[in-house]
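Reader: I've got a model with a ligand open in my viewer. Could you walk me through how you justify the labels you put on the binding site?

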Amino acid sequence: MADLLSIINPATETLLQELPVDDSAAVAAKYNRARGAQPEWAALSLGDRIAPILRFRDLLIERVDTLAALLTSETGKPVTQARSEILALPGRIDFFVENAERVLSPHRVYAEPAGAALGTGTLEEVISQEPLGVIANISAWNYPYFVGGNVFIPALMMGNAVLYKPSEFATLTGGAIADLLHEAGIPQDIFMPVVGSGLTGAALLEQPIDGVFFTGSYATGQKIAVAAAPKLIRTQLELGGKDPAYVCPDANVAVAAAGLADGAFYNNGQSCCAVERIYVHTDVYDEFLEAFMATVKGFKLGDPTDPDTYLGPVSRKPQLDVLADQVADAIAKGATRRGGGERLDRSGWYFAPTVLTEVNHTMTVMQEETFGPVIGIQRVDSDEEAVALMQDTPYGLTAAVYGTERERAVGILRQLKTGSAYWNCCDRVSPRLPWSGRGHSGLGATLSLAGISTFLQPRAWHLRAG
Ligand code: TXE
């Protein structure tokens, strides 16, 4: 009998469902089906591949209530935020649809002028694009519609078959996404969910896949890269960060405090691009801290099914210990705790929103990924000090600067090695811009035109008329 995967509701700690896990043989069978079906899918016109994706887009909107309730039940994401995530995917789909043809179309890059050739005819050079084939999409739980959709939508559109391994903490949503894609007309064998935890993900990597697109932690990302290396396949890793923000002395403090509190606590801090460290110039430090604390106190914590709830439980129980350890380490080294700091005494994996001040870089909270509702705020005396602290990380996903002078902010951001740079905003993703990381934040890019062409490989045509 197959092993079972238990799906637990983080808000109530009750068992939602037990699902049979795909073992190695089941994974291999799915791979074989995908391999068999992919050439026919790739041979369809682009329009025929786009049509079911547009139906999927409409179904997302039509079914948002049910889908959001399911996502909330298995991840604890507040339902309003679950709805926002689902309703933002259509905008990303629109971007992919609008740009698919431009990326996929063959183009002639050279045509020899008539009579110039030494041979009998003229020479043409053409670049065409081909899908990779069968790809693995190993995904995360924190934004399954976003981080999954950034991969499987353009991958399918470009003619690939997708073996989709949802996170074990968002498996019901992974199944719902598959059902919706199939209902919309994507062939069963072209998109298949693969159910299980890391072991199932590892079994998927043993198949002769043509690419792996992963979202998750740096530690697992390294394992994926090692497993994929001998295969010499396209490997993309979208990993986490320790994203810093700096508030300049000339910043609009109210805007900075509201924006950064949301950036730190939205989705309970469980975003790859959550604000994880804040540096504030001493001239505006007190004013900023007061406004920041007022915003945090206004966040409603509780039942994630309540539309007014802003902070629900964390999605994974072990994270409670990570958060408690970071807080304890900071306090032992001299930090001040302003509210929160511990698990709430109630059922569910709730951790009180925590602001730590008088922090420094000897503390894990300023060094290691927190991925939860805990934020450190550090006072700095100059832009130079802020830059040095912001640079002190092996990660490089995003960085934000709040201030009125664009040149000053851009000058600071240029000194940081990050995939995204924010001026007077943070925790923001656009389908038009590439999502990429430097250092431990990953390899490759999703979204933008680069996030479409990554599912293709170019072919060079040297065509000489005979
Ligand atoms: O990630 P994992 P988890 C970070 C964040 C968080 C941490 C853990 O720091 O605290 O990751 O989250 C599959 N071979 N981010 O546990 O373990 C696994 O089943 C193949 C950042 O979810 O990296 C899941 O589907 N697959 C982030 C996926 O990998 C394996 C989003 C991610 O698991 C595997 C989420 C293996 N050996 C978490 N081991 C972001 N960038 O937004 C595990 N998996």
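Author: Sure, and keep in mind that this is a predicted model. Let's start with Trp 141: one of its polar side-chain atoms lies 2.6 Å from an oxygen atom of the ligand.

Reader: What makes the pair between Trp 141 and the ligand oxygen a polar contact?

Author: The cut-off for a pair of N or O atoms is 3.5 Å. Trp 141 has a polar side-chain atom 2.6 Å from a ligand oxygen, so the pair counts as a polar contact. Ser 217 passes too, with a polar side-chain atom 2.7 Å from an oxygen atom of the ligand.

Reader: And how do you know that the backbone atom of Glu 238 makes the cut?

Author: Here a backbone N or O atom lies 3.4 Å from a nitrogen atom of the ligand. The limit is 3.5 Å, so Glu 238 gets in as well. As for cover, the protein takes up 88% of the 820 Å² of accessible area that the ligand has on its own.

Reader: Which elements give two or more residues to the shell around the ligand?

Author: Those are α7 (198-205), β8 (211-215) and α8 (218-228). The largest share, four residues, comes from α7.

Reader: Why do you say the ligand lies between two domains?

Author: Because domain 1 (4-239 + 441-464) and domain 2 (243-430) both contribute residues to its shell.

Reader: What is the make-up of that shell, by residue class?

Author: Eleven residues are nonpolar, twelve polar and six charged. Of the 29 residues around the ligand, those that come nearest are Trp 141, Lys 165, Glu 168, Ser 217 and Glu 369.

How values were computed. Residues are numbered from 1 along each chain as its sequence is written. This is a predicted model: local features need pLDDT of at least 70, side-chain atom pairs count only at pLDDT 80 or more; totals for chains, interfaces and linings use all residues. Side-chain values use heavy atoms; hydrogens and water are left out. A residue is near a molecule or strand if one of its heavy atoms lies within 4 Å of it. A polar contact is a pair of N or O atoms within 3.5 Å; within protein, one must be able to donate a hydrogen and the other to accept it, and residues adjacent in sequence count only if both atoms are side-chain atoms. Accessible areas come from the Shrake-Rupley method with a 1.4 Å probe; for residues, only the protein chains shown count as cover. Ala, Val, Leu, Ile, Met, Phe, Trp, Tyr, Cys and Pro count as nonpolar, Asp, Glu, Lys and Arg as charged, and the others, Gly among them, as polar. Domain bounds come from an automatic or database domain assignment.
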